[in-house]
Amino acid sequence: MGLSEIAARVAAAEAAAGRAPGSVKLIAVSKVQPSERVEAVLRAGHRLFGENYVQEAAGKWPAWRAEFPEVAVHMIGPLQTNKAKLAVELFEAIHTLDRPSLAVKLASLAQARGASPELFVQVNTGAEPQKAGVLPAEVDGFVAEARAKDLPVVGLMCIPPEGEDAGPHFAMLAEMAARNGLAGLSMGMSSDFEAAIAAGATHVRVGSAIFGARDYGAR
Ligand SMILES: *Cc1c(COP(=O)(O)O)cnc(C)c1O
């Protein structure tokens, strides 16, 4: 696999779903990947990346941003409140707004800075006890409260339960976004991004299919 093959598959899935070319943003998830692999994708012209760890992103992206000014990096991993200040300085978007205390923190940072990254509300579509995210029944109220705080909520994000058909989770997320007037849908990873695009994804988060397997031991 690799970037060009995945980009071609995204384009084919857009076409198959009757979606406009370019309507799906491919986020290349570069967490834990060796810098040579990320640089190869940057040199190939790709400019949208995803990271899971604030500290790791803070260490590697400032230098690449200087070299490739049009780069955008999105936070797609769980965000601790005490890392929120660094996160709003580092990322163009945060896909993991998942609890009221984080909304309060991001709102106060947005006030102080006069700016905020775009935000996706993470939804725990499978209501899994160990997984982050707002429960489906609480999404409408949570989105309303975030908007009341003037937070720029642009969409919803989900990570379907492992080993389950992701389709119903993607459909549920699309339905919740539509009824809340949210255009953004961050869903789909290496194994299921085409199904996500068929269900309306606007942002797919693809890591290993672009870069190869992650080696957490090598960090
Ligand atoms: C790591 C990660 C991805 C990418 O996963 P792959 O299976 O490598 O495509 C996507 N989304 C989130 C939230 C992740 O943590």
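**Lysine 31, the ligand site and the nonpolar cores**

Lysine 31 is located in the loop that connects β1 (25-29) with α2 (35-43); helices (H or I, at least four residues) and strands (E, at least two) are DSSP runs, numbered from the N terminus. The model is predicted, so that local features need pLDDT of at least 70 and side-chain atom pairs count only at pLDDT 80 or more, while totals for chains, interfaces and linings use all residues. Residues are numbered from 1 along each chain as its sequence is written, and side-chain values use heavy atoms, with hydrogens and water left out.

The unreviewed UniProt entry annotates Lys31 as "modified residue: N6-(pyridoxal phosphate)lysine". UniProt positions follow the numbering used here, feature names are shortened, and annotations may be inferred rather than shown by experiment. Lysine 31 counts as buried because its relative accessibility is 11% (buried, under 20% relative accessible area; exposed, over 50%; partly exposed, in between; 1.4 Å probe, protein chains only). Not counting residues up to four places away in sequence, lysine 31 is in contact (heavy atoms within 4.5 Å) with Gly50, Glu51, Asn52, Tyr53, Glu56, Lys60, Arg214 and Tyr216.

The ligand has 13 residues around it, of which Lys31, Asn52, Ser190, Ser208 and Arg214 come nearest; a residue is near a molecule or strand if one of its heavy atoms lies within 4 Å of it. An N or O atom in the side chain of serine 190 is 2.5 Å from a ligand oxygen atom. For arginine 205, a polar side-chain atom lies 2.9 Å from a nitrogen atom of the ligand, and for glycine 207 a backbone N or O atom lies 2.8 Å from a ligand oxygen atom. The ligand taken alone exposes 390 Å², of which the protein buries 89% (Shrake-Rupley method, 1.4 Å probe; for residues, only the protein chains shown count as cover).

The largest nonpolar core (buried Ala, Val, Leu, Ile, Met, Phe, Trp, Tyr and Cys residues joined through side-chain atoms within 4.5 Å) contains 61 residues, and Trp61, Leu97, Leu106, Leu151, Leu156, Val204 and Ile210 touch the most other members. Helix α5 (residues 100-113) supplies the largest share of this core, five residues. Beyond its neighbours within four places in sequence, isoleucine 210 contacts Gly2, Leu3, Ile6, Leu26, Ala28 and Val41. A second, separate core has five residues, among them Val29, Leu48, Ala72 and Ile76.

Histidine 74, in strand β3 (residues 72-75), is buried, with a relative accessible area of 8%. Residues up to four places away in sequence aside, the contacts of histidine 74 include Leu48, Gly50, Glu51 and His203.

Note on methods: A polar contact is a pair of N or O atoms within 3.5 Å; within protein, one must be able to donate a hydrogen and the other to accept it, and residues adjacent in sequence count only if both atoms are side-chain atoms.
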